[in-house]
Structures are given as C-alpha cells and as structure tokens.
Amino acid sequence: KQLYFGTSRGEVYALNKQSGQQVWKQQLSSEILSQPVSHSDRIIIRTVDGRIHALAADTGAKLWSHDRSIPTLTLRGTSKPVISRGIVISGADNGKLTALALNNGNVLWETTIAVPRGRNEIERLIDIDAEPVVKDDVVYTIAYQGRLAAVRLDSGRIMWVRDVSS
C-alpha cells in the first residue's frame, strides 16, 4: 500500500505505491542510512545517532524512540532492524544487540556481542552493521572486528560465539 524511505537529512517519507503521491513526511533526529522496516501498523527506523524510532504507518506520528550511546568513532553504516514475535532486534555501533518491545519500545534485553580491543579508536571499532537474522527463535549477528554470535530471541542469552569479523 505504501513505500517508506529515509533521507540523509533525517526525513522519513511514505508514498502511495500506486500513484507515488506523498502520504506523509516525518523529521527524525539524524541521517537515515538503513531501510525503514514496516510491520503491521508501525514503521521502525534506525538513525545514525544510535536511536531507534517507531512511527505510525498511516500518519507518520512518532510512537516511541529508544536512545543509546554510540562510540566517538564508528563505521559509516547502520543495520536495518529486524522484527520477530513482536520484538524489534537491532545491532549497535557499541557492539551490543538490543531487543525492544514493538508496541512501546521498552528494552526486553541487551547483550554484548563484541568488546572493543586495541590501542587506538580504529582498532576498537566493533559496530554491528550487518542485518541480524532470526531463524527458529535464534538471532544470528556479527560485529566488525568482533564476533559472530547466536542469541536466544526470548532472553538475549548467548548460545555460542565465534571470533569472526564482518
């Protein structure tokens, strides 16, 4: 029914798929590099400043926002959030994987996938910029210069990890 996209100026647009007419526009906190995710009556967007926003699909009204701190130096990129079983899963530039309730943005769990190591900021980059994959209630994610991990969707408990860099 609608097409959603974000801009480098932090704007989110909803367009009618048939006519291309703008349905709504919403200004968010910063640049949007990853694709907005549409689920039911909500649009979930991750912005470069580390925030995750939920908008009403029909009006673009802001429903909730989750803020998290990001390191001084990060890779240029953000992973698209994934939604499974009413849970928004998103990787962060600080090497953490976060699960939020789709309906209200409450944090359900947060798990550290990678820990920064090294002598300088470049060696300490651990961004999770790859899109998490959910299969059979397990979230698979990978961090730059970090680890590949399998995490339980319901609890955030790490099932296994491998030292692999994305």
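Strand 8 and strand 9 run antiparallel, with three bridges joining them, and Val82 stands opposite Ile89 in strand 9. This is a predicted model, and that pairing belongs to an open sheet of four strands, ordered 8-9-10-11. Below is a quick tour: two sheets, two nonpolar cores, the aromatic pairs, and a few residues worth a look.

**The four-strand sheet**

- Pairing in the 8-9-10-11 sheet is antiparallel.
- Strand 8 (82-84) and strand 11 sit at the edges with a single partner strand each, so one side of each has no neighbour in the sheet.
- Going from one strand to the next, the twist averages 20°.
- Strand 10 and strand 11 (residues 107-112) run antiparallel as well, held by five bridges.
- Within that pairing, Leu100 has Val107 of strand 11 as its bridge partner.
- Strands 10 and 11 make up a hairpin, with five residues between them. Look for Gly105 in the turn: its phi is positive, at about 80°.

**The three-strand sheet**

- Over in the other open sheet, the three strands come in the order 1-2-3 and pair antiparallel.
- Strand 1 and strand 3 are its edge strands, each pairing on one side only.
- Neighbouring strands here are turned against each other by 15° on average, direction ignored.
- Strand 1 is joined to strand 2 (residues 11-16) by five bridges, and the two run antiparallel.
- Gln2 is found opposite Asn16 in strand 2.

**Nonpolar cores**

- The largest nonpolar core has 14 residues. Those touching the most other members are Ile89, Leu97, Ile113, Val139 and Val151.
- Strand 9 (87-91), strand 10 (96-101) and strand 14 (148-152) are the elements that give two or more residues to this core.
- Ile89 thus turns up twice: as the residue opposite Val82, and among the core members with the most contacts to other members.
- Setting aside neighbours within four places in sequence, Ile113 is in contact with Gly95, Lys96, Leu97, Ile128, Thr141, Arg147, Ala149 and Val151.
- Apart from the largest core there is another one, of 10 residues, including Leu28, Ile45, Leu55 and Ala57.
- As a general backdrop, nonpolar side chains in soluble globular proteins tend to be buried together.

**Aromatic pairs**

- There are three aromatic pairs in the structure. Two of them are described here.
- In the Tyr4 and Trp24 pair, the ring centres are 5.9 Å apart and the planes meet at 35°, so the pair counts as tilted.
- That pair links distant parts of the chain: Tyr4 belongs to strand 1 (residues 2-6) and Trp24 to strand 3 (residues 22-27), 20 residues apart.
- Tyr4 and Trp24 are both buried.
- Tyr140 and Trp160 also form a tilted pair, at 6.2 Å centre to centre with 45° between the planes.
- Here too distant parts of the chain are linked, with Tyr140 in strand 13 (residues 138-142), Trp160 in strand 15 (residues 158-162), and their positions 20 residues apart.
- Tyr140 is partly exposed because its relative accessibility is 31%, and Trp160, with a relative accessible area of 30%, is partly exposed as well.

**Residues to click on**

- Ile44 lies in strand 5 (residues 42-46) and, at 0% relative accessibility, counts as buried.
- Beyond neighbours within four places in sequence, the contacts of Ile44 are Pro36, Val37, Ile52, His53, Ala54, Trp64, Pro81, Ile83, Val88 and Leu102.
- From Ile44 to Ser30 it's 14 residues in sequence and 14 Å in space, C-alpha to C-alpha.
- His66 is in strand 7 (residues 62-66). With a relative accessibility of 12%, His66 counts as buried, since the cut-off for buried is under 20%.
- Again leaving out neighbours within four places in sequence, His66 is in contact with Gly50, Arg51, Ile52, Thr98, Leu100 and Val107. Leu100 and Val107 are also the bridge partners in the strand 10 and strand 11 pairing.
- Asp136 sits in the loop between strand 12 (133-135) and strand 13, and at 65% relative accessibility Asp136 counts as exposed.
- Asp136 and Lys25 are 111 residues apart along the chain, and 36 Å separates their C-alpha atoms.

Notes
Residues numbered from 1 in each chain as written. Predicted model: local features only at pLDDT ≥ 70, side-chain atom pairs only at ≥ 80, totals over all residues. Heavy atoms only, no water. Phe/Tyr/Trp six-rings, centres within 6.5 Å; stacked < 30°, edge-to-face > 60°. Buried < 20%, exposed > 50% of the residue type's maximum accessible area, 1.4 Å probe, protein only. Core = buried A, V, L, I, M, F, W, Y, C linked by side-chain atoms within 4.5 Å. Contact = heavy atoms within 4.5 Å. Pairing = 2+ DSSP bridges. Axes fitted to C-alpha atoms, helices over the stretch in contact; angles between N-to-C directions.
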